[in-house]
Amino acid sequence: MTVDHLDHLVITTQDLEKCLHFYVDVLGMALDDANGRYAVRFGNEKFNIHRKKAEFLPAAQNVTYGSQDLCLIVRGPIEAVKAELEAKGWPIEMGVVERAGALGPMDSVYVRDPDGNLVELSVYR
């Protein structure tokens, strides 16, 4: 077997409205609310949004709000990403820092979503 790429992951939220505001309005992802289910899409990937623990089965064994640590690659200079977040009034957890990504050196800004998940927004150098 050879793993090729990530298709989707699941985020469980305590507050659907706040969660969707962050991922759609702040980060600019596209909302997919077909069939009474919620997801946000970007590129060829998506995050399924569950409104309660183990909403759909099978599910992770220990679903906990705010336990995700995500890294998303974004376009544009990282300083512009930080400035856009600030202009939208979203709190910055940590400003521009150097990190090592899967493909090499990158610069990152950290924020938290409404459930406390850590979201790293990164630009490769």
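**Exercise 1. Find the residue in β4 that stands opposite His 8, then place the two strands in their sheet.**

Step 1. His 8 faces Lys 46 in β4. Strands here are DSSP runs (E, at least two residues), helices likewise (H or I, at least four), numbered from the N terminus.

Step 2. β1 and β4 (residues 45–50) pair in the parallel sense, over five bridges. Pairing requires at least two DSSP bridges between two strands.

Step 3. The open sheet has four strands, in the order β1-β4-β3-β2, with mixed pairing. β1 (8–12) and β2 (30–32) each have a single partner strand, so one side of each lacks a neighbour in the sheet. From one strand to the next, the twist averages 25°.

The model is predicted: local features need pLDDT of at least 70, side-chain atom pairs count only at pLDDT 80 or more, and totals for chains, interfaces and linings use all residues. Residues are numbered from 1 along each chain as its sequence is written, and side-chain values use heavy atoms, without hydrogens and water.

**Exercise 2. State which strands helix α1 lies across.**

Step 1. α1 (residues 16–26) lies across β1, β2, β3 (38–42) and β4.

Step 2. α1 runs at about 10° to β3. Axes are lines fitted to C-alpha atoms, for helices over the stretch in contact (heavy atoms within 4.5 Å). Angles run from 0 to 180 degrees between N-to-C directions.

**Exercise 3. Trace the contacts of Ile 49.**

Step 1. Leave out residues up to four places away in sequence.

Step 2. Ile 49 then touches, among others, Ile 11, Leu 16, Leu 20, Val 40 and Glu 55.
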